[in-house]
Amino acid sequence: MDDAPQATDQGHEGMSRRQLIRHTAWFGAAVVLTVSGGEVISHIGGISTAATPTVDPNALRFAQISDSHLGFTGAANTDVESSFSRAIDQVNALPDRPDFVVHSGDLTHLATDAQFDRAKQMMGGLRTGQVFTVPGEHDSIDDHGQKYRKRFGTGTRGDGWFSFDIKGVHVIGLVNTLSLEKLGHLGAAQLDFVRRDVAGLASDTPIVVFSHIPLFAMYPKWGWGTDDATEALSYLRRFASVTCLNGHVHQLFTKTEGNVTFYSATTTAYPLPKPGQAVAPTPVTLPAGKLSDALGIRDVTYLKGEHALAIRDRKLA
Ligand SMILES: [Zn+2]
Ligand SMILES: [Zn+2]
């Protein structure tokens, strides 16, 4: 069970621990995960079954949106622009304005100038302090990410990676989609960046890492992993709290390995099959009316002094 999240049994009527673990790992649309004191607590149907912490006005708040695939045309979502627009509205309607919003890649489906311009324009409507992005493999189809960096690379280094500090948290954005064979790849220059970037930080600094492709082996057979992530994570081993947030897999999934917890985000565009439940990770067309349940946004709160971040996944309103 060490590859499954820990869950409390308290108050989950009618659900066995095993069922709950399956739900928390495999996204029930109505299941929300909160990580507090190292334990994953599940909130079912939006009703908290655990005491909600008092939210400190100095808490860090941010939102993650992912895999908007502007330009996709297919039965799985006939209007990706509309669902992306709803996701943006939902972020703007969060009870607390996020300090920043990150888009974790596949902003576009085919990396055209028009698709990038539309993505940039739409994200300009986010009500937040700052917007950050990491590219997906769909954002660098024909030019090694040049068009992406022209719009979204300002202030980044190398192929578009970056880091910054906010409210006591150190945030790192990584690019693992430019040299991919099958798995994601960071490369020597970026690994060196990570090593030097964290060298001067105190070990109790909470670390948040964004990448498009998971930094854990979610399902390597479909390329859902990063071949040199172990080295990057080795530089983060001494930190008490490391949270890695990714996109690419178009579904919620969480896993803890030692001091690191990984959270795959869902998409604003179309679902992909669960690992191994299809021949290939191709778009899944859901029955009419069901698509919004598979799409969503994520918001995150970090209270100073807490060990872990509170992660809340919300289905698309
Ligand atoms: Zn995607
Ligand atoms: Zn992707």
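**Exercise 1.** Determine whether aspartate 106 is buried or exposed in this predicted model, and describe its part in metal binding.

*Solution.*
Step 1. The relative accessibility of aspartate 106 is 1%. A residue counts as buried under 20%, so aspartate 106 is buried.
Step 2. Aspartate 106 coordinates both the zinc ion (ligand 1) and the zinc ion (ligand 2). These two ions are 3.5 Å apart.

**Exercise 2.** Identify the residues that coordinate the zinc ion (ligand 1), and explain why their arrangement is irregular.

*Solution.*
Step 1. The donors are Asp67 (OD), His69 (NE2), Asp106 (OD) and His250 (NE2), at 2.0 to 2.3 Å.
Step 2. Along the chain, these donors follow the spacing D-x1-H-x36-D-x143-H.
Step 3. The angles subtended by the four donor atoms run from 90 to 174 degrees. A tetrahedral site would need all angles between 85 and 135 degrees. A square planar site would need opposite donors over 155 degrees apart and all others between 65 and 115. The arrangement around the zinc ion (ligand 1) is classed as irregular because of its angles.

**Exercise 3.** Locate aspartate 106 and histidine 250 in the fold, and state what the pair ties together.

*Solution.*
Step 1. Aspartate 106 is found in the loop between strand S4 (100-103) and helix H3 (113-123).
Step 2. Histidine 250 belongs to the loop between strand S9 (242-246) and strand S10 (253-257). With a relative accessible area of 3%, histidine 250 is buried.
Step 3. The pair therefore ties together parts that are 144 residues apart in sequence.

**Exercise 4.** List the protein donors of the zinc ion (ligand 2), and show which distant parts of the chain are linked by glutamate 137 and histidine 248.

*Solution.*
Step 1. The protein donors are Asp106 (OD), Glu137 (OE), Glu137 (OE), His212 (NE2) and His248 (ND1), lying 2.1 to 2.7 Å from the ion. Glu137 (OE) thus appears twice in the list.
Step 2. The donor residues have the sequence spacing D-x30-E-x74-H-x35-H.
Step 3. Glutamate 137 lies in the loop between strand S5 (130-133) and helix H4 (146-152), and histidine 248 in the loop between S9 and S10. The two residues are 111 residues apart.
Step 4. Histidine 248 counts as buried, at 9% relative accessibility.

**Exercise 5.** Describe the protein chain as a whole by its secondary structure, burial and contacts.

*Solution.*
Step 1. The chain has seven helices and 13 strands.
Step 2. Of its 317 residues, 54% are buried. The chain exposes about 13600 Å², and carbon and sulfur atoms supply 50% of that area.
Step 3. Among contacts with a separation of 6 or more, 70% involve residues 24 or more positions apart.

Terms used
Residues are numbered from 1 along each chain as its sequence is written. Chains are lettered from A and ligands numbered from 1 in the order in which they are written. This is a predicted model: local features need pLDDT of at least 70, side-chain atom pairs count only at pLDDT 80 or more; totals for chains, interfaces and linings use all residues. Side-chain values use heavy atoms; hydrogens and water are left out. Donors are N, O and S atoms within 2.8 Å of the metal (3.2 Å for Na, K and Ca); water is not among the atoms, so sites may look incomplete. Four donors count as tetrahedral if all angles lie between 85 and 135 degrees; four count as square planar and six as octahedral if opposite donors are over 155 degrees apart and all others between 65 and 115; anything else is irregular. Helices (H or I, at least four residues) and strands (E, at least two) are DSSP runs, numbered from the N terminus. Buried means under 20% relative accessible area, exposed over 50%, partly exposed in between (1.4 Å probe, protein chains only). Contact means heavy atoms within 4.5 Å. Accessible areas come from the Shrake-Rupley method with a 1.4 Å probe; for residues, only the protein chains shown count as cover.
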